[in-house]
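New to this one? Take a quick look at the fold before reading on, then use the notes below as a guided tour.

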Amino acid sequence: MQIKDRVVIITGGANGIGAALARRLILEGAQVVIGDIDKKSGQELINELGQKSSNKVNAIFVFCDVTNFNHLRQLFDTAQTTFGGVDVVCNNIGIGQTGEFYDQTDIDSWIKTIDINLNAVIKGTQLGIQYLKKRGGGVIINTASLAGFHPLESYPIYTTAKYGIVGFTQSLRDLNNTNKIRVNAIAPGFVDTNLVKESRKSSSEIVQLIDKFGYVPMDEVINAFMMAIQDDNLVGDIIMLPKKNTSQIISNSYLESMGLAN
C-alpha cells in the first residue's frame with residue numbers, strides 16, 4: 001500500500017511513538033486522525049503538523065478515551081466524515097502497568113492496564129475491520145512490545161497484554177484472504193518515551209534491561225510501521241525490534257520452521 005493520500009487513525013497519537021508516526025505520515029502525504037486523552041499535546045501536535053503540510057487540512061485531533069467504545073466509534077466516524085474513510089488503523093495506545101499486582105489491598109488496579117493495552121486494541125481492530133471493508137481493504141497495525149515475547153517479571157499484567165496483542169494479531173492472518181485487510185504488529189524493545197521513563201522509576205528490572213540492551217531509536221520503530229503499511233507481503237506478522245540496528249519478522253514461515261504453524 002502506498003501512503004500518499006491514505007487516511008490513517010492513530011490511537012495514543014499525541015505523544016511518543018504515536019506522535020513520531022504522525023509526523024512521518026504527514027511527510028509521506030497521508031491524512032492523519034489522532035485520538036488521545038491528552039488534549040494539550042494533541043493540539044500542539046496538530047498545529048505543528050499544519051505548519052509542515054500544504055494549505056489543506058491533513059491532520060485532526062479527536063479526544064478519545066479508548067476504554068470508552070463510543071469514543072472509539074466517534075474517532076472512526078470523524079475520520080470518515082472529515083477525510084472520506086479510513087485506510088490504516090494504528091492501535092498504538094499503551095500505558096505502563098498500573099498499580100502493584102502483588103499488593104492485595106489494590107486488587108483491581110491491573111484492570112486498567114488490560115483495558116487500555118489489550119481490550120482497546122481488540123475494539124479498535126473490530127471497528128477497523130468495519131470501516132476498512134468500506135474501502136475494499138486496508139491495514140491494521142497493533143503496537144505490541146518485546147514484552148510480548150520475553151516476560152517482564154516486575155510487570156506481569158503489562159506482559160500479559162502484550163502477549164495477547166501478539167497472539168491476537170497472528171490470529172487475524174486470514175482477514176487478508178477474506179477482506180483484503182492486513183493485520184500486523186510492531187514489537188519494539190525500550191524506546192525513549194515518557195512511558196519508559198516512568199517505568200524506569202518503579203522497576204529495577206527495567207533499569208537493568210535498558211543498561212544491557214539500550215534504547216531502540218525512534219526512527220527505527222517508525223520505519224517498521226512504514227514497512228508494515230507498505231509491504232503487502234506482511235500479513236499477520238510481528239516486526240520485533242529488540243535493540244538498536246536489530247529487527248526480526250516473526251512470520252508464518254518462521255512459525256512453520258518451528259513446526260508451530262497450521
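How many helices and strands does the secondary structure of the chain come to? The count is ten helices and eight strands. With a radius of gyration of 18 Å, close to the 18 Å that the globule rule gives for 262 residues, the chain is as compact as a globular protein of that length. Keep in mind that this is a predicted model.

**The chain as a whole**

- Measure the C-alpha trace along its principal axes and you get spans of about 50 × 45 × 35 Å.
- Burial is easy to sum up: 52% of the 262 residues count as buried.
- Take the contacts between residues at least 6 apart in sequence, and 69% of them turn out to join residues at least 24 apart.

**Surface and charge**

- About 12100 Å² of the chain is exposed, and carbon and sulfur atoms supply 49% of that area.
- The chain carries 24 positive and 26 negative charges, and the mean positions of the two sets sit 6 Å apart.

**A closer look at Asn-142**

- You'll find Asn-142 in strand S5, which covers residues 138-143.
- Asn-142 has a relative accessibility of 0%, so it counts as buried, the cut-off for that being under 20%.
- Setting aside neighbours within four places in sequence, Asn-142 still touches quite a list of residues: Asn-91, Val-121, Thr-125, Ile-165, Phe-168, Thr-169, Val-183, Asn-184, Ala-185 and Ile-186.
- With one of these, Asn-91, there is a polar contact from side chain to side chain, at 2.9 Å.
- Ile-93 is 49 residues away from Asn-142 along the chain, yet their C-alpha atoms are separated by 8.9 Å.

**Two residues with positive phi**

- Asp-5 isn't a glycine, but its phi is positive all the same, near 70 degrees.
- Look for Asp-5 in the segment before strand S1 (7-11).
- Asp-5 has a relative accessible area of 42%, so it is partly exposed, a label for values between 20% and 50%.
- Asn-245 is another non-glycine with a positive phi, this one of about 60 degrees.
- Asn-245 sits in the loop that links strand S7 (238-243) to strand S8 (246-250).
- Is Asn-245 buried or exposed? Its relative accessible area is 64%, so Asn-245 is exposed, given that the cut-off is over 50%.

Key:
Residues numbered from 1 in each chain as written. Predicted model: local features only at pLDDT ≥ 70, side-chain atom pairs only at ≥ 80, totals over all residues. Heavy atoms only, no water. Helix = DSSP H or I, 4+ residues; strand = E, 2+ residues; numbered from the N terminus. Buried < 20%, exposed > 50% of the residue type's maximum accessible area, 1.4 Å probe, protein only. Contact = heavy atoms within 4.5 Å. Polar contact = N/O pair within 3.5 Å; in protein donor to acceptor, adjacent residues only side chain to side chain. Rg over C-alpha atoms; globule rule 2.2 N^0.38 Å. Areas by Shrake-Rupley, 256 points an atom, 1.4 Å probe, with all protein chains shown as cover. Lys, Arg positive; Asp, Glu negative; His and termini not counted. Charge placed at Lys NZ, Arg CZ, Asp CG, Glu CD.
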